[in-house]
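This note is addressed to a colleague who is meeting the structure for the first time. The points below concern aromatic rings, charges placed over rings, and confidence in the model.

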Amino acid sequence: MNKELKIIVSILITVIVIAGGILGYKIYRDKKNGDTDSAISLGQEIISKKENDEGPKPVTFAGNDRAIAVMIDNHEGARPQAGLNDAALVYEIIVEGGMTRLMPVFKGANVEKIGPVRSSRHYFLDYALENDAIYVHYGWSPQAQSDISTLNVNNINGISESSSNFSRVKEKSSPHNVVTSIEKIKKVAEGKKYRTTSSTSSVLNYVTKEVNLDESTAIANTIEIPFSNSYKVKYVYNAESKRYVRYANNVKQTDWTTKEDVTTKNLIITFAQNRSLNDGENKGRQDLSNIGTLKGYYITNGKAIEITCEKTSRKSQTVYRDLQGNIIDVNDGNTFVSVCPLDAALTIN
């Protein structure tokens, strides 16, 4: 019995040795040819290391989700608004009555409450188009309706959609009480067979390295933009958070949902000529001369520099340059873009 056991053990040892030899040869051969899992893992590790060596990418306006631009009411009865802090960009432009409307541009954000949504004004289309955004509104002016058709804008008019996607809430009075969400907007967009992805790059040259403007540039702790005699916006710098807190007619603005202060990392101010538009309705709606090279400011981290804002057509992206002709770097983070009247008595101090 012992003799038989020794034979079995010997056979097992021989099999193990042979199998080990075969396995060892296969590993050697695969490594030589670069085909083993370990070789693939090594390659991936090298690629990952290379990507890490290049540094992190800016997160603002990142990803391939198509941007969504929403017209937001800025009447006193509409405040506070919902969703402004979740937008990569927020455009603010004068409208009739000396007031403004806001157009937040969302990119890859899942915002559950956006509003109050209000009607379109035609010059906001220029900024939706340069961001390749689906344009969302609730009603339109005659000029906006015409331009949406002429420019072939992928738009969503909430008035024509189900009340389950654009609903009026009881917290505010009509017409300042229509709300929606990113999920609902995407649902409508898919039903219209709009493209929901985009390879369009950001209008702004966002960078991850902190942009601190030259010490010799103007201090910008408080910025006041009087859009009209009846409406003024103020931004106050918080040195601790390195962000600007927004005020409308000296009242601090907060988010409707979260109750958090409305803040921004960057401010861009553009001066453009506005005038009353003869659209046959005599409501004082405005026109805007925003094509060409306009003067402006870039403001971040408590400093301001003069810039130029170049837009060659309604669909082209605005190019923001310093006075030496260089495209400006912009801090990674959200940006408010104010397109204000030429005669606005802007103060920066």
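1. Tyr235 and Phe336 are both buried in this predicted model. Their ring centres stand 6.0 Å apart with the planes at 65°, and because that angle is over 60 degrees the pair counts as edge-to-face. Tyr235 belongs to strand E11 (residues 232-238), while Phe336 belongs to strand E21 (residues 335-341), so the pair ties together parts 101 residues apart in sequence.

2. How are the rings of Tyr237 and Tyr244 arranged? Their centres lie 4.9 Å apart and their planes meet at 40°, so this pair is tilted. Tyr237 is buried, as is Tyr244.

3. The two pairs above are among the 6 aromatic pairs that a search of the whole structure finds.

4. Two lysines should also be noted for their positions over aromatic rings. Lys113 lies over the face of Trp256, at 3.7 Å from the ring centre. Lys234 has its charged end over the ring of Tyr247, 5.0 Å from the centre of that ring.

5. The confidence of the prediction deserves a separate point. The protein has a mean pLDDT of 89, and 85% of its residues reach 70 or more. Over residues 25-53, however, the pLDDT is below 50. Beyond near neighbours in sequence, this stretch has 7 contacts in the model.

How values were computed. Residues numbered from 1 in each chain as written. Predicted model: local features only at pLDDT ≥ 70, side-chain atom pairs only at ≥ 80, totals over all residues. Heavy atoms only, no water. Phe/Tyr/Trp six-rings, centres within 6.5 Å; stacked < 30°, edge-to-face > 60°. Helix = DSSP H or I, 4+ residues; strand = E, 2+ residues; numbered from the N terminus. Buried < 20%, exposed > 50% of the residue type's maximum accessible area, 1.4 Å probe, protein only. Lys NZ or Arg CZ within 6 Å of the ring centre and 35° of its normal. pLDDT = per-residue confidence, 0-100. Contact = heavy atoms within 4.5 Å.
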